[in-house]
Amino acid sequence: MFWLVFAPLARDATAVALREVVAEIHARASTGEERVELYAALLVMAAIDPWGHNLQ
């Protein structure tokens, strides 16, 4: 599940795809703490945004 946080770096990343990633993290994270950590990492990757998708 850790690899999901790198989804914003994909060339074909979209807001719709990231909503699906967030939903999967929400469903699969074991604890609230794990969920928060994964969401934080996802936001960091979205801020990098090498393709200019504006995914934050």
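How much accessible surface does the protein chain have, and what share of that surface belongs to carbon and sulfur atoms? In this predicted model, the accessible surface comes to about 3800 Å², and carbon and sulfur atoms account for 60% of it. With that starting point, the overall form of the chain can be introduced.

The protein chain contains two helices and zero strands. Its radius of gyration is 11 Å, close to the 10 Å that the globule rule gives for 56 residues, so the chain is as compact as a globular protein of that length. Measured out along its principal axes, the C-alpha trace spans about 30 × 15 × 15 Å. Of the 56 residues, 27% are buried. Among contacts with a separation of 6 or more, 57% join residues that are 24 or more positions apart.

The interior comes next. In soluble globular proteins, nonpolar side chains tend to be buried together. Here the largest nonpolar core has eleven residues: Leu4, Val5, Ala7, Ala13, Leu18, Val21, Ile25, Leu38, Leu42, Ala46 and Leu55. Two or more residues of this core come from each of helix H1 (15-28) and helix H2 (32-48). One member, Leu42, touches Leu4, Val5, Pro8, Val21 and Val22, when residues up to four places away in sequence are not counted.

Val22, one of those partners of Leu42, lies in helix H1. Its relative accessible area is 31%, and because buried means under 20% and exposed over 50%, Val22 is classed as partly exposed. Beyond its neighbours within four places in sequence, Val22 is in contact with Tyr39 and Leu42. Glu34 is twelve residues from Val22 in sequence, and the C-alpha atoms of the two are 13 Å apart in space.

Charged groups offer another view of the model. Side chains of opposite charge can pair when their charged atoms come close. A search of the whole structure finds one salt bridge, formed by Glu24 with Arg28, whose closest N and O atoms are 2.6 Å apart. Both residues lie in helix H1, four residues apart, about one turn of the helix. Glu24 is partly exposed, with a relative accessible area of 33%, and Arg28 is also partly exposed, at 46%.

Finally, Gly52 is found in the segment after H2. Gly52 counts as partly exposed, at 47% relative accessibility. Although Gly52 and Arg11 are 41 residues apart along the chain, their C-alpha atoms are separated by 9.5 Å.

How values were computed. Residues numbered from 1 in each chain as written. Predicted model: local features only at pLDDT ≥ 70, side-chain atom pairs only at ≥ 80, totals over all residues. Heavy atoms only, no water. Core = buried A, V, L, I, M, F, W, Y, C linked by side-chain atoms within 4.5 Å. Buried < 20%, exposed > 50% of the residue type's maximum accessible area, 1.4 Å probe, protein only. Contact = heavy atoms within 4.5 Å. Salt bridge = Lys/Arg side-chain N within 4 Å of Asp/Glu carboxyl O. Rg over C-alpha atoms; globule rule 2.2 N^0.38 Å. Areas by Shrake-Rupley, 256 points an atom, 1.4 Å probe, with all protein chains shown as cover.
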